[in-house]
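The following note sets out numbered remarks for a colleague who will be working from the coordinates. Each point takes up one part of the fold and may be checked against the display.

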Amino acid sequence: MTPLVIATRNKGKLEEIRKALASCPIKIHSLTEFQEVGEIVEDSQTFEGNALKKARVACQVTGSLALGDDSGLVVPTLGGEPGVLSARYARLDSSSLARRAGPAATADDNNKKLLDAMKRIPVEKRGAIYVCVLALVLPTGKERLIRATCEGVIAEEPKGDGGFGYDPIFFLPILQKTMAQISLEEKNRLSHRGRALEELKKIIPYFL
């Protein structure tokens with residue numbers, strides 16, 4: 001089977017990708033298996049730029065087909081925050097793009113900061129969009145980008161033990177549950193990453 005290096009060390013993200021691509025003739029690896037790939041600084045102003053950078057670095061260092069992912073939460077009421085700073089939202093001044101390469105915050109810290117920022121904001125203005133961009137890069141230099149989204153509402157308090165990141169406060173009106181309250185199967189069907197991975201499954205045979 002063709003090796004595919006996922007440019008992440010995030011166990012939750014890796015499990016979602018592994019399960020979604022289980023039917024593909026590939027052998028999935030993560031950056032935990034390649035210590036020679038150091039920390040990849042996500043310094044782009046776009047999800048696409050960060051996803052491509054991670055995939056390109058992983059491909060160059062390992063010599064294998066590589067998949068980069070950048071995802072985050074966009075809240076229009078907050079001017080698009082936390083956006084590409086989603087993983088570091090609680091620790092960084094989001095107006096300072098130069099500091100985006102700093103350490104990530106915990107999910108609880110990020111969720112608390114976002115809930116604090118959304119206090120007293122009525123439900124009709126609590127809309128949010130999960131964004132996922134996947135970048136597939138071959139050693140030949142061939143590249144492909146996939147973008148998918150999932151719309152929801154920022155809940156008033158966290159609910160659920162599943163998922164990761166902002167899932168406990170990302171409410172899905174269609175299910176009347178947060179992303180953290182649904183099964184991994186449901187999440188892979190409805191989420192931004194799940195939708196992007198479905199598109200990836202359609203095109204990945206052409207890259208093998």
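1. Ile154 and its surroundings. Setting aside neighbours within four places in sequence, Ile154 is in contact with Leu73, Val75, Leu114, Leu115, Met118, Arg126, Ala128 and Ile169. Ile154 belongs to strand S5, and it counts as buried because its relative accessibility is 2%. Please bear in mind that this is a predicted model. Val37 lies 117 residues from Ile154 in sequence, and the C-alpha atoms of the two are 35 Å apart.

2. The buried side of H3. Two of the contacts of Ile154, Leu114 and Leu115, also appear among the buried residues of helix H3 (residues 107-117), together with Asn110 and Asn111. These four are on the same side of H3, since they cover an arc of only 130° around the axis. An α-helix has 3.6 residues a turn, so residues three or four places apart point the same way. What do the buried residues of H3 pack against? Their partners are strand S3 (65-74) and strand S5 (143-154). The exposed residues Asp108 and Lys112 are carried on the face of H3 turned away from the buried side.

3. The sheet. Seven strands form an open sheet with mixed pairing, in the order S2-S1-S3-S4-S5-S6-S7. The edges are taken by S2 and strand S7 (177-178); each has a single partner strand, so one side of each is left without a neighbour in the sheet. Helix H2 (residues 47-62) packs on the sheet, where it touches S1, S3, S4 and S5, and its direction makes about 155° with that of S3.

4. Strand pairing in detail. Strands of a sheet pair through backbone hydrogen bonds, either parallel or antiparallel. S1 and S2 are paired in the parallel sense, over five bridges, and Ile28 in S2 is the bridge partner of Leu4. The pairing of S4 with S5 is antiparallel and extends over eleven bridges; there Tyr130 stands opposite Cys150 in S5. S5 also pairs with strand S6 (residues 170-172), in the antiparallel sense over two bridges, with Val153 opposite Phe171 in S6. In the hairpin of S4 and S5, five residues lie between the strands, and Gly141 takes a positive phi near 100°.

5. The nonpolar cores. The largest nonpolar core has 23 residues, of which Leu4, Leu21, Leu67, Leu134, Leu136 and Leu200 touch the most other members. At least two residues of this core come from each of strand S1 (2-6), helix H1 (11-20), strand S2 (26-30), S3, strand S4 (127-137), S5 and helix H5 (192-203). Which element supplies the largest share of this core? It is H5, with four residues. Beyond its neighbours within four places in sequence, Leu200 is in contact with Leu21, Leu67, Leu134, Leu136 and Ile146. Another core, of 20 residues, lies apart from this one and includes Ala55, Val84, Val133 and Val137.

6. Cysteines. Why is there no bond between the sulfur of Cys132 and that of Cys150? The sulfur of Cys150 is the closest cysteine sulfur to that of Cys132, but at 11 Å it is too far for a bond. With sulfur atoms required to be within 2.5 Å, the count of disulfides comes to zero. Both residues count as buried: Cys132 because its relative accessibility is 0%, and Cys150 because its value is 3%.

7. Backbone geometry to inspect. Most residues other than glycine have a negative phi, and most peptide bonds are trans. A cis peptide bond joins Glu81 and Pro82, with omega about -5°; Pro82 is placed in the loop between S3 and H3. Arg120, although not a glycine, has a positive phi of about 70°. Arg120 lies in the loop between H3 and S4 and counts as exposed because its relative accessibility is 80%. Gln176 is likewise not a glycine and has a positive phi of about 60°. Gln176 is found in the loop between S6 and S7, and at 55% relative accessibility it counts as exposed.

Terms used. Residues are numbered from 1 along each chain as its sequence is written. This is a predicted model: local features need pLDDT of at least 70, side-chain atom pairs count only at pLDDT 80 or more; totals for chains, interfaces and linings use all residues. Side-chain values use heavy atoms; hydrogens and water are left out. Buried means under 20% relative accessible area, exposed over 50%, partly exposed in between (1.4 Å probe, protein chains only). The arc is that of the directions from the helix axis to the C-beta atoms. Contact means heavy atoms within 4.5 Å. A nonpolar core is a set of buried Ala, Val, Leu, Ile, Met, Phe, Trp, Tyr and Cys residues joined through side-chain atoms within 4.5 Å. Two strands pair if DSSP finds at least two bridges between them. Axes are lines fitted to C-alpha atoms, for helices over the stretch in contact, and angles run from 0 to 180 degrees between N-to-C directions.
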